[in-house]
Every structure is written in C-alpha cells, then in structure tokens.
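Reader: I am new to this structure and would love a friendly tour. Could you take me through it step by step?

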Amino acid sequence: MKTEQLYSIFQQHPLVTTDSRDCPEGSIFFALKGETFNGNAFAAKALQEGCAYAVIDEAQYQVAGDERYILVDDCLTALQQLARHHRRVLGTPVIGVTGTNGKTTTKELIATVLSEKYHVHYTRGNFNNHIGVPKTLLQMTREHDIAVIEMGANHPGEIKTLVNIVEPDCGIITNVGRAHLEGFGSFEGVVRTKGELYDFLRTRPGSTVFIHNENEHLLGIAHDLTLVRYGTQPDDRLAVEGEVIECAPYLKFAWHPSNAEPRTIQTHLIGAYNIYNMLAAACIGLHFGVTPEQVDHALAGYIPSNNRSQLEQTADNHLIIDAYNANPTSMNAALTNFRDMAVKPKMAILGDMRELGAVSREEHQKVVDFLLTAGFDQVWLVGEEFGKIDSPFRRFSDVEAVKAAIAQEKPRGYYILIKGSNSTRLHQLPAIL
C-alpha cells in the first residue's frame, strides 16, 4: 500500500500503536520488529483487542479476505513515511531539538514558553528515537499552532534519519559532549551526527538556527546558516543575554533581550548549567512573538518532573535527582554545580556512565579525580565501571546493594546528589531516602 492510501485510512483512524498490549478502539497497529520480537505475530491479537487495522510486512500473517490487514514492504519505514506525509499535509511550523545534554529539559522549557501564546504540540517524555518521533508527529492535529520535536541519537546517521522525517523549519542543538562514544566512535562523531540537523536546515529556505554563542563546536559547524544567538558573555549579536545570580539551591538568573533592561527569574531547577536551557527557551519564545513578561511567567513557573535537575525534600534529606542519564559532560556539570552549592552536608551517590567504549575507564577516573578534591562529606559509587577505579570512596556493585546499605544505615540531614546512567536504576533511590 502506498503512503497516500495509508494516510487516507489514518485520517479516518488517527491513532497509531506499536504495542499489542495497548490497542485503543479504532487505532492502527504497526507490526514493528525488535531483537527479541516480531510484531507481525501479534497483528491478529491487536485486531482482537480493538485495532481497526494492522499494518504488517510479512505476507504469511495476512488473513485472506480480511481487509483489516495492510501489507507493506517494511512497517517501520511505512510508519516513518506516514508521519512525514502527515507533517507535510498539516504544514505546522516545527522546531527541531537535539544535543548531547539538556535537550529534553530545553524542549520542555521551549514548549512551556511558547504555550504562553500558542497551542503547542511537543515530544512527551523522551520519545525521541526512530519510533517515538514518527508517533509524536502523528499525534499532531490542525489545532496545533507550532510543534517542538526532540530528536536523540547514539549512532552516526540517526539525526539525519530523524530530520528527514520531521523536516524542521528551525532548530537548536543544545550542545555536543562526550556521550555514547561506543556508538559514535569519537567526540568528532558526536559533533558530525548532531550537526546533521544543521545540514538539513541548510536545505530549508528561510530556516533559522538558535545557537549558544559561546559554544565553539557549534559555531564551527553553523556556517551559512541564519543564526539567532543567546549566551552569557556580552556580544552585540546576542538576541538574549543572561547571567547566573545564585544557586541556593535553585537557579536564579538575570536575562534581557537585546537592548533591553535586565529581568530576574527565580526558577525551580537545580544547576547553574540550566541557564543555557533557560536562555534558549527565552530566545526562541521572543523569536516567535512571546513577550518578555510571558517568558518570565513561563520559566518561573516551570517545575521539572522527569528525574532531571529536580530537588525533592523527604522526611530525612534533600535530594538532587539527576538520575535519568549520565555522560562525562553532564556528570562534570552536575558535580561542579553540587560542589559550588552553598549547602551542607553533602553526599553524592553516583552510578556508572554507560556506552563510553574504550574511554570508559579514563572517564570514570576523571570523575574520581574530581571527587578527591570536591570536599563532599560522603561519596557512594555504584556499578562495575566505578568498581575498576582505585579510590577511597565506598563502592557498590549495583542499586540493590545501595538499597541494602540505606536500609541498615540510612543517611539523614544530607543534601544528596543522585546521578547515573538510567540503566543503573538509581532513580529507585529517592523513594527510600
């Protein structure tokens, strides 16, 4: 079946699912494949559970005479092409967001700011891969004025694939850092892959790039693009400038549009590094006609709820939860910020940084070296990679071992930073601290 024909069906049944355990009445099931499953084998179940159609790519699963089965060459490609077609039909302005660190928080902040003026569609959670992006696009309707679509990658070429589905009109790379090096091969591989967003925008007439003006890596690959700049160092070319006032423990910062008086915002985010995410959102908001007063209202009111830069007070401790992910760049930023926070006593519970390949030992050693001079009152290191590094700090094999230690000797009265790759499951700790 051609994309246009499938789109006619989608217009009558504008809800897709890729999970046979979640089949809303009248939806379209796409039989995707994974390393351990074949969605084609669940097509009949999806129809029984309420789906109106099942898109399959293996003819043996088709039932003769049952028009609810739609046979395509490849289900994933069909899903992605359907999403791109839907995006083209709607013609909604789309902002593409990618980067090593901060892309999810920045996406949330951009959507929050733009929502002061527009009906915004944006990526929920971190549905930012080759499946989540097309599903996000297919949830967009004519009622939406603008869309903010997050795109993630851990291998070369993945951003190129996603931008060719999303076809953004403008975009932002939050930063580039040393993450997923096992997949990218090198830091240069990270830069090239994230830069695939810029490569696409060069082909898009009238496109705009929002850029952190002090990031030399981004400026180095942003030639021949229309740039709207934000930053913390004075520069006549800045659309938005800002500076950190304090982190005690929440970030408070001043900002101002070009040629305007400074404004002050008290945020609900932990970490001085979040000023760049805030300034990016302000910059994009102003570009799309949101007023400075509306920007203030949006950023001051944003409260994180995704294990990123959260402060949670329990009966016994203050928890700084940054447990969704970790790489050398984000780990250094979190530890530096925690070191500089005017609070005490301090405890850090840090999990392994995954997917670093050959440089894993070197990068974990750098973290330990930092910790040796940071002056934290307690440090617990969790995981196999930290276990390979000689240090005076307490080490645990996994999160279960940490839980057992907490049950026996629960820390009390601490500010506790919790950070590690998602697979270390440190996000389970706040409930018992």
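Author: Gladly! Two strands count as paired if DSSP finds at least two bridges between them. Keep in mind as we go that this is a predicted model.

Reader: How many residues are in the hairpin that joins β14 to β15?

Author: Start with the pairing: strand β14 (residues 310-313) and β15 run antiparallel and are joined by four bridges. Within this pair, Glu-312 stands opposite Leu-319 in β15. The hairpin leads from β14 to β15 through four residues.

Reader: Which residue in β19 stands opposite Ile-320?

Author: β15 also pairs with strand β19 (residues 415-419), this time in the parallel sense and over five bridges. Strand β15 (residues 318-322) is mostly covered, with four of its five residues buried. Opposite Ile-320, in β19, stands Leu-417.

Reader: Let's move to the start of the chain. Why are the buried residues of α1 on the same side?

Author: The buried residues of helix α1 (residues 3-12) are Thr-3, Leu-6, Tyr-7, Ile-9 and Phe-10. They lie on the same side of α1 because the arc they cover around the axis is only 160 degrees. As a general background, an α-helix has 3.6 residues a turn, so residues three or four places apart point the same way. For α1, then, the value to remember is an arc of only 160 degrees.

Reader: Which helices and strands do the buried residues of α1 pack against?

Author: Among the strands, they pack against β1 (16-17), β2 (28-30), β3 (53-56) and β4 (69-71). The helices they pack against are α3 (75-90) and α5 (132-138).

Reader: Which element gives the largest share of the largest nonpolar core?

Author: That core has 55 residues, and those with the most contacts inside it are Phe-30, Val-55, Leu-137, Met-151 and Tyr-198. The largest share of this core, six residues, comes from α3.

Reader: What does Val-55 touch?

Author: Leaving out residues up to four places away in sequence, Val-55 touches eight partners that you can pick out by name. They are Leu-6, Ile-28, Phe-29, Phe-30, Ala-31, Ile-70, Val-72 and Cys-75.

Reader: How far apart are the axes of α4 and α11?

Author: Helix α4 (residues 103-114) and helix α11 (residues 274-287) pack at an angle of about 35 degrees, and their crossing is right-handed. The contact includes Leu-109 and Val-113 of α4 and Ala-280 and Ile-284 of α11. Their axes are apart by 9 Å.

Definitions and conventions
Residues are numbered from 1 along each chain as its sequence is written. This is a predicted model: local features need pLDDT of at least 70, side-chain atom pairs count only at pLDDT 80 or more; totals for chains, interfaces and linings use all residues. Side-chain values use heavy atoms; hydrogens and water are left out. Buried means under 20% relative accessible area, exposed over 50%, partly exposed in between (1.4 Å probe, protein chains only). Helices (H or I, at least four residues) and strands (E, at least two) are DSSP runs, numbered from the N terminus. The arc is that of the directions from the helix axis to the C-beta atoms. Contact means heavy atoms within 4.5 Å. A nonpolar core is a set of buried Ala, Val, Leu, Ile, Met, Phe, Trp, Tyr and Cys residues joined through side-chain atoms within 4.5 Å. Axes are lines fitted to C-alpha atoms, for helices over the stretch in contact, and angles run from 0 to 180 degrees between N-to-C directions. A crossing is left-handed if the near helix is turned anticlockwise from the far one by less than a right angle, and right-handed if clockwise.
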